[in-house]
Amino acid sequence: MTTQTNENNIIIQANDLSIYYGSFRAVKNVNLGIQRNKITAIIGPSGCGKSTVLRAFNRMNDFVQSAHNDGKILFHGQDIYAPEVDPVQVRQMIGMVFQKPNPFPKSIYENIAWGARINGYKGNMDELVENTLQAAALWDEVKDNLKKSALALSGGQQQRLCIARALAVKPEIILMDEPCSALDPIATLKIEDLMRELSVKYSIIIVTHNMQQAARASDLTAFFTMDEDRAGLMVEYGETSQIFTRPKDKRTEDYITGRFG
Amino acid sequence: MPRDTLTRQIHHLLDEVLLLGSMVEQATLSAVDILRQRDLKAAATLYENDQLINDKRFAIENAILILIATQQPMAHDLRLLAATLEIITELERMGDYAKGIAKVTLQLKDADINIPNRDLERMASQAVNMLHRGLSAFVNEDPNEASAIAGEDAVVDDLYNHIYHHLVETMIANPATIDQYNQVMWVAHNLERMADRVTNICERTVFIATGDMLEMDTTDDEESDGE
Ligand SMILES: Nc1ncnc2c1ncn2[C@@H]1O[C@H](COP(=O)(O)OP(=O)(O)O)[C@@H](O)[C@H]1O
Ligand SMILES: [Mg+2]
C-alpha cells in the first residue's frame, strides 16, 4: 500500500483507520493522506467502504449508532475524534455534498443563508449569497430568481446549489459522495469543471463509481477493494495519471480495466 | 470475466498487426530478391503494392481509434493500444524501405555493376527474422524475448558496416560508378534502419508488459527518407 509522501501538503490524514458497524469491520487499516488543494478520488467496487471512509472524515458516521472507529483521523494534525472536539465545528470545516441533490424546500436565497445564519454569520448576507452562488457557477442562472423555490431548479442546478450551500459556511475540505450519479452528462461535466475551479481554494475528496470521472476530474486516486472478510481496504493510492495508465497492483489493474471478478 | 467484447476486439487487432507484419516481411525479402534478379517489372509492382501496406496500417489505426472511443480502455489495455499505434507506424515505414529498394532496382535499370547480393540478402533475412520474432514477442508480451531481439541489431549493423566499406572502396576505385553504388548503399542503409525499427517495436513490447519505457537503441534519432 502506498501512502502519500508529500507530507507538508497533507490537510487530512487517516492513520490505521478501521471503521466498524457493530462488530462488522467495514473498513480496515486505511492510511491515506489527502493533499491540500487537490481533488482526490476514491474508487472501488460497491460496498468496499468508500462512503464509510468519506463520512468518517467529517464525523457523519456519528449519526449511525453502531458506528465506531479504530485509528486516527488528523485534520491539520488534530485528532477530529478527540473528546474536546466539537463535531459540529468539524462538519463546518469539512463540508459534504451528497449523491442526490438535497436542497431545502425553501428559496434559493434561503438555502444559502440558512446554514450561514446557524453558524452565526454576521456579515452582509446578500453579498455572501452572491459570492457563494458565483463560486458554485450558479449565479448567472439564478440571480433574477433568488426567491424562487430551490426545488424548481434542474438536478444539476440543485447540485450546484448544494455545493454553494456547503461553501457558504467557509469549509476547507469538501467531501462529495457520488455527486453526479443522478445527473445527466452535461450537468456532470459542469460539476467537474466546478470542482476544478474550487480546488484552487478548497481540498476536494470525491467518491465515484464512475472511473472515467475519476480519471477526468481528479489529481490523485485511491483504489479500495474488499477483502475476503468483506472489510474494505485501500489497495493503491497515487497520481491519477499513474493509476489509470500504470497501476502497480494487479487488483487495481483488474478493476480499472473492467476485468474485476 | 467481463469485457469480452474489448478482449475479443484486441485479439482481432493483434491478428491484423501480424498480418501487416507478414506483408512487410514479404515485401522486404522480395525487394532484395528482385534487386538480385534485376527484375524491373517485379520491382514496379512491388513499388505500387506498398499502397496495400499503407492501407492496412490506416485500417488498423482506425480500428484502434474506434476502440479507444467506444471502450474507454485503461491501464494495460490502454498501453497496448497506444503501443500498437506506434508499432503499425514502424511497420508502415519498414514497408517504405522495401519500396525504396524497389525504386533503386528501377533506377539502376541494367547498369553493369557488382551488387553484393549475398550480403544484402543476409542483412534482409536477419532483419526479417528479427521482425518476425519481435512481433511474436509483442503479441505474447514477452519482455525478455523482446530485449534479447533488440540486442541482435548489432549483427545487422556489422553487415551494414561491411557492405559500406566494400562499396566505398569500389567507388574510390571506379569513380564513374559512384551514382550507381550510392544507390546500392541506400539498399543497405534501408535494411539497417529496418532493424533499428524492430528495436523500437521491442521497446514498446517491454513498455506494454511492464509500464517502463526503455530506450534500448539511443542512436536511433536520425530520421532519413528510405525511399
Ligand atoms: N449504516 C450502516 N449500518 C451497517 N452497515 C453499513 C452501514 N452503512 C454501510 N454499511 C456496510 O458497510 C460496508 C461499506 O458500505 P459503504 O461505505 O456504503 O460502501 P461503498 O460506498 O463503497 O459502496 C457495506 O458492507 C455496507 O453494507
Ligand atoms: Mg457509497
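Across the interface of chain B and chain A, the rule finds one salt bridge. I should say at once that this is a predicted model. The partners in that salt bridge are Asp77(B) and Arg259(A), whose side chains meet with an N to O distance of 2.5 Å. Beyond this pair, we may ask how many residue pairs are in polar contact between chain B and chain A. The count is five, with both residues of each pair at pLDDT 80 or more.

Let me turn to the elements of chain B that take part. Helix 1, residues 4-37, and helix 3, residues 75-108, each supply at least two residues of the side of chain B that touches chain A. Of the elements of chain B, helix 3 gives the most to that side, with five residues. By class, the side of chain B that touches chain A is made up of six nonpolar, four polar and three charged residues.

As for the extent of the interface, 13 residues of chain B are in contact with 14 residues of chain A. Between them, the two chains bury about 1,100 Å². Carbon and sulfur atoms account for 54% of that buried area.

I now move to the ligand. Which residues come nearest to ligand 1? There are 14 residues around ligand 1, and those that come nearest are Gly47(A), Gly49(A), Lys50(A), Ser51(A) and Thr52(A).

Two of these residues also appear when we look at polar side-chain atoms. For Thr52(A), a polar side-chain atom lies 2.5 Å from an oxygen atom of ligand 1. For Ser51(A), the corresponding distance from a polar side-chain atom to an oxygen atom of ligand 1 is 2.8 Å. Tyr21(A) places a polar side-chain atom 3.4 Å from a nitrogen atom of the ligand. On its own, ligand 1 has 560 Å² of accessible area, and the protein covers 66% of it.

Which elements give two or more residues to the shell around ligand 1? They are strand 2, residues 24-35, and helix 1, residues 50-56, both of chain A. Helix 1 of chain A gives the most to this shell, with four residues. In terms of residue class, the shell around ligand 1 has six nonpolar, five polar and three charged residues.

To close, I return to two points for discussion. At the interface, the salt bridge joins Asp77(B) to Arg259(A). At the ligand, helix 1 of chain A is the element that gives the most to the shell.

Technical notes: Residues numbered from 1 in each chain as written. Chains lettered and ligands numbered in written order. Predicted model: local features only at pLDDT ≥ 70, side-chain atom pairs only at ≥ 80, totals over all residues. Heavy atoms only, no water. Near = heavy atom within 4 Å. Polar contact = N/O pair within 3.5 Å; in protein donor to acceptor, adjacent residues only side chain to side chain. Areas by Shrake-Rupley, 256 points an atom, 1.4 Å probe, with all protein chains shown as cover. Nonpolar A, V, L, I, M, F, W, Y, C, P; charged D, E, K, R; others polar. Contact = heavy atoms within 4.5 Å. Buried area = accessible area lost by both parts, 1.4 Å probe. Salt bridge = Lys/Arg side-chain N within 4 Å of Asp/Glu carboxyl O.
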